Amino acid sequence: MFDIRKYDTSNVKNDILSGLVVAVALVPEAIAFSFIAEVSPIVGLYTAFILGLITALIGGKPGMISGATGAVAVVLVGLSLEANTMLKATGLEGEALAMGVLHYILLATILAGLIQITIGALKLGKFIRLVPQPAMYGFVNGLAIVIASAQFKFFEGQGSMMYVLVFVTMLIMYFLPKFTKAVPSGLVAIVLITLAVYFTGTNTLLVGQLTDLSKFAGQLPSFIFPEHIFNIDAIFMVLPYAVIVALVGLIESLLTLSVLDEMSETRGSANKECIAQGTGNVTCGMFGGMAGCAMIGQSIINYTSGGLGRLSSFTAAVGLLILVVSLTDILNIIPVAVLVGIMFMVSIGTFEWSSFSHIKHMPRSDAFVMVIVTVITVVEDLAVAVIAGVIISALVFAWKHARIYAKSNVEADGTKVYELDGPLFFGSATTFGDNFDVPNDPPKVVINFKNARVMDSSGVEAIDALTKKYQDAGKNLLLRHLSKDCKAILKQAGPHCSYEVDDPTYKVAYNY
């Protein structure tokens, strides 16, 4: 929690200035991501304020910025389209239709938040470490493609000026940081392009033509109770989207936390971040905001601008609300083209271009994981893609290690000693017995597990099966260097285990 009494005042100035820069930079992204999710821009702006404020106060990493994001928006757009189709069939249209769709999104946001709180309370945030690097590359690349492709709908029915303004925006955002980083390049692009369009009277699509924000002037987020929160059919309809939103949001948030941990050489709390994200999303769902998560781009901007404490992200959230409440008329005249250009540059910046050079040197299995996660992210969604990546990586790992090796030697007294090397688990258990020559072995046999590890019950059963073969052959078998846990669950082989001073102490995954 943000305890002002313990706050390091030495960085107050940098935290406040950095937070103000981020507040301005959040405006175009919040609006653009709202368009992706097909909701009013004010929904994304409220999300950036509410979620940003709560995670600033109780999040797992000081200085992290949260708000409406592309990763979550591309999931919610599916719900928007489904709800839109269903409500149109009932005769709703116009404002009533938009409000009806919003209530389904609010319900999904609340459910997603509750799932995230549960994950944090159960301390499951640590499992982000199971996401392999190729899967991270894949989901980042897929997300970049989805964000870019979501912009194409804004070109429909527009003339050549739309393309020109998008291109000029991208040029400004590319070249300006090479000369100065004092102000965000996206802000400069918005100001210059908006002024040019306003004073020249250029005919192009404006934000106000999509949604008039003037009606929200002076309005703070207000409590909205989702209409369908006690409707079982509505809950089952939105639940799949809520689960995906929860997983996508946590994956992106925890990956952002990992990046900032590496940059700052400090460690944040993954479980606290899960609870903060969930609390923020539940609150968003009750105050007219859609679900969101940590924003990796804005978080890095905040950190590199000197925002190291919670005051920076707090300032960003409050500063954004001030802009929204007092400057809606100005937001209305922003050309949509400049937001599209910014999103294209966000997409280009999000794409992990280094993955092309890495893929040449990756094992084929890792390259396959990266490509398949990218494709699934584009075709399905981020959560399914990352889960698929983890499963494929786990299967590849199991296949690579699905062999335990043994070398043997005969001692002076005629005893044959097998020295094992590798993990003994379900993957290697089937070939475990191939290392031994039971019929031709001498009467005394020793199997040394010093360099091997029994991982699960399949490995235990393989040892028991081999022991029974030696028993049936009437040979004396001795098993060395098994853990106490392993010895305790062996049935056939238990009496044949020796007890050494340096026996290992690992546990075996076993269904007791």
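**An open four-stranded sheet and a kinked helix**

Y405 stands opposite D421 in strand 4, a handy place to enter this predicted model. The contact belongs to a ladder of 6 bridges that joins strand 3 to strand 4, residues 416-424, with the two strands running antiparallel.

Stepping back, these strands are part of an open sheet of 4 strands, arranged in the order 3-4-5-6 with mixed pairing. Strand 3 (405-410) and strand 6 (476-480) form the edges, each pairing on one side only. On average, neighbouring strands of the sheet are turned by 20 degrees against each other when direction is ignored. For readers following the side chains on screen, it helps to recall that in a regular strand they alternate between the two faces of the sheet.

Beyond the antiparallel pair, the sheet continues in the parallel sense. Strand 4 and strand 5 run parallel and are joined by 8 bridges; within this pairing, Y418 has I447 of strand 5 as its bridge partner. To get from strand 4 to strand 5, the chain passes through helix 18 (residues 426-432), making a right-handed β-α-β crossover. Strand 5 then pairs with strand 6, again in the parallel sense, over 5 bridges. Here N448 stands opposite R480 in strand 6. The connection from strand 5 to strand 6 goes through helix 19, and this β-α-β crossover is right-handed as well.

Helix 19 deserves a second look. Spanning residues 457-472, this helix lies across strand 4, strand 5 (444-454) and strand 6. Its direction is at about 175 degrees to that of strand 5.

Earlier in the chain, helix 9 offers a feature of another kind. This helix covers residues 232-264, 33 residues in total. From its first C-alpha to its last it reaches 45 Å, close to the 48 Å expected at 1.5 Å a residue. Along the way there is a kink of about 40 degrees at L239, shortly before the proline P240. Both ends can be described too. At the N-terminal end, N231 acts as the cap, with a side-chain oxygen 2.9 Å from the backbone nitrogen of D233. At the other end, helix 9 is followed by E265, whose phi is positive, near 60 degrees.

Conventions. Residues numbered from 1 in each chain as written. Predicted model: local features only at pLDDT ≥ 70, side-chain atom pairs only at ≥ 80, totals over all residues. Heavy atoms only, no water. Pairing = 2+ DSSP bridges. Axes fitted to C-alpha atoms, helices over the stretch in contact; angles between N-to-C directions. Contact = heavy atoms within 4.5 Å. Expected span 1.5 Å × (residues − 1). Bend = angle between axes of the 7 residues up to and from the residue. Polar contact = N/O pair within 3.5 Å; in protein donor to acceptor, adjacent residues only side chain to side chain. Right-handed = clockwise from strand over helix to strand, strands pointing away.
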